[in-house]
Amino acid sequence: MNRKCRVLAFAVLLGSLTTAFADWPGFRGPHQDGVSTERGLPVTWSAKENVVWKTKLPGPGLSSPIVWGDRVFLTCYTGYGVGKEGDLKDLRRHLLCLDRKSGAVVWRKEVAAKLPETEYNQYMRQHGYASGTPATDGERVYVFFGRTGVLAFDLDGKQVWHTEVGTILNSWGSASSPVVYGDLLLVNATVESGALVALDRRSGKVVWRAKGIRDCWSTPLLVALPGGKHEVVLSSPDTLEGYDPENGKKLWECEGPPGATASSTPVAWDGVVYAMGGGFSGRLFVAVRAGGRGDVTKTHVLWKRKTGAAHTAPILHDGRLYWIGGTACCLKAATGEIVYEKRLFEARQQYSSPILADGRIYVFTRQGGAYVLAAGDKFEQLAHNDLGDASDFSASPAVSGGQLFIRSNTYAYCLGKKQ
């Protein structure tokens with residue numbers, strides 16, 4: 001079976017499994033858009049209401065939980081940068097597997113950091129050493145730990161392979177999440193080696209490496225094109241770039257959101273990529289039709305709008321784009337026209353990207369609780385919930401089986417009704 005056939009067969013298998021088991025296999029869910037077809041999620045919760053389970057974690061982290069079948073996977077770190085800085089040689093990263101019904105720890109794998117590692121500085125205090133969300137294909141769980149490398153474990157916790165993808169240090173550390181594409185695992189290793197890297201998901205061997213990309217922390221986005229082909233799009237400083245996921249060949253680029261710390265992951269629908277971001281020079285939201293060749297700034301950019309969030313990812317649903325970065329904003333996807341803007345909280349209080357399910361938008365703040373908003377042309381706040389956990393909520397939620405799975409720096413939670 002050639003690669004194209006294997007990719008299509010795997011996509012069909014993955015799609016059927018995620019539908020059957022309501023899985024959330026990677027950052028922002030099965031379609032990388034933060035949108036779920038689940039119904040019956042809770043609107044309100046507290047420390048005592050709609051908490052199915054609460055599990056103490058070994059250490060902090062910003063990675064989002066993922067769900068596959070009866071398992072929940074997430075990462076954290078210990079030994080350094082927790083309270084007092086400590087000694088870098090004691091830094092350990094952990095992959096945890098929790099039972100989705102009870103929250104009990106099924107297994108836990110510890111990975112020593114490859115030294116030297118970025119020291120705990122003013123930037124690392126913002127997110128730490130476990131920010132990339134795991135990914136799974138139902139056979140293995142994949143984690144990306146920066147200079148320490150990419151590791152694959154089977155669902156029982158046995159390490160299958162380990163591949164290093166770069167040795168460069170960056171004062172902001174690592175944060176991007178790996179993405180499964182057919183037989184490949186796509187890894188944004190720009191911080192570690194200035195490259196987008198594709199690994200064989202079974203062996204960990206490097207299949208291709210696209211070099212010369214500036215440091216960025218966004219997760220690679222798979223974009224479906226007419227005719228069944230795909231592109232992988234990466235949001236880097238001032239630029240959006242499209243690559244062939246089969247061989248790593250650069251296909252196109254265009255002007256993108258400004259700023260040297262590109263970390264917002266785009267979304268796509270019907271062959272159009274929607275990306276936002278920015279820094280001290282301002283914010284920008286841009287819509288670009290994929291499928292071009294070369295510099296497509298003048299030919300494929302559909303609209304630009306001076307708005308958006310720097311770190312969180314947007315949601316696209318029913319012809320509307322939603323972003324929340326302190327301000328809740330709704331735009332028309334076709335034109336970029338702003339439908340509403342509403343200030344909710346201080347933007348510095350948010351790293352978590354929102355998700356949408358059952359006509360509602362769920363967004364968690366770092367220490368200010370979680371908001372539930374109605375999706376639509378009119379701003380409507382349905383709830384403001386607080387779990388009584390004073391630690392940092394910077395991870396994005398996962399959705400599975402009518403339940404929300406979220407983690408703070410201290411605990412993992414399952415919210416909703418018991419099953």
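Here is a short walk through the structure shown above, from the whole chain down to a few single residues. Please keep in mind that this is a predicted model.

Let us begin with the overall build. The protein chain holds two helices and 36 strands. Its C-alpha trace spans about 50 × 50 × 45 Å along the principal axes. How does that fit with the length of the chain? For 419 residues, a compact globule would have a radius of gyration near 22 Å, and the chain has 20 Å, so the value agrees with that of a compact globule.

Next, look at how the chain is packed. Of the 419 residues, 59% are buried. If you take the contacts between residues at least 6 apart in sequence, 55% of them join residues at least 24 apart.

Now turn to the outside. The accessible surface of the protein chain comes to about 16500 Å², and carbon and sulfur atoms account for 49% of this area. The chain also carries 49 positive and 40 negative charges, and the mean positions of these two groups are 0 Å apart.

With the whole in mind, we can pick out one residue to visit. Glu85 sits in strand E6, which covers residues 84-86. Is Glu85 buried, partly exposed or exposed? Its relative accessibility is 29%, and because buried means under 20% and exposed means over 50%, Glu85 counts as partly exposed. Apart from its neighbours within four places in sequence, Glu85 is in contact with Gly79, Tyr80, Tyr120 and Arg125. For a sense of distance across the model, try finding Leu415: this residue is 330 residues from Glu85 along the chain, and the two C-alpha atoms are separated by 33 Å.

Our last stop is the cysteines. How many disulfides does a search of the whole structure find? The count is zero. Cys76, for example, is in no disulfide, and the nearest cysteine sulfur, which belongs to Cys97, is 13 Å away. Cys76 has a relative accessibility of 0%, so this residue counts as buried.

Cys216 can be looked at in a similar way. Why does the sulfur of Cys216 form no bond with the closest cysteine sulfur? That closest sulfur is in Cys254 and lies 14 Å away, which is too far for a bond, because a disulfide needs two cysteine sulfur atoms within 2.5 Å. Cys216 is buried too, with a relative accessible area of 2%.

Methods:
Residues are numbered from 1 along each chain as its sequence is written. This is a predicted model: local features need pLDDT of at least 70, side-chain atom pairs count only at pLDDT 80 or more; totals for chains, interfaces and linings use all residues. Side-chain values use heavy atoms; hydrogens and water are left out. Helices (H or I, at least four residues) and strands (E, at least two) are DSSP runs, numbered from the N terminus. Buried means under 20% relative accessible area, exposed over 50%, partly exposed in between (1.4 Å probe, protein chains only). Contact means heavy atoms within 4.5 Å. The radius of gyration is taken over C-alpha atoms; the globule rule is 2.2 Å times the number of residues to the power 0.38. Accessible areas come from the Shrake-Rupley method with a 1.4 Å probe; for residues, only the protein chains shown count as cover. Lys and Arg count as positive and Asp and Glu as negative; His and the chain ends are not counted. The place of a charge is taken as NZ of Lys, CZ of Arg, CG of Asp or CD of Glu.
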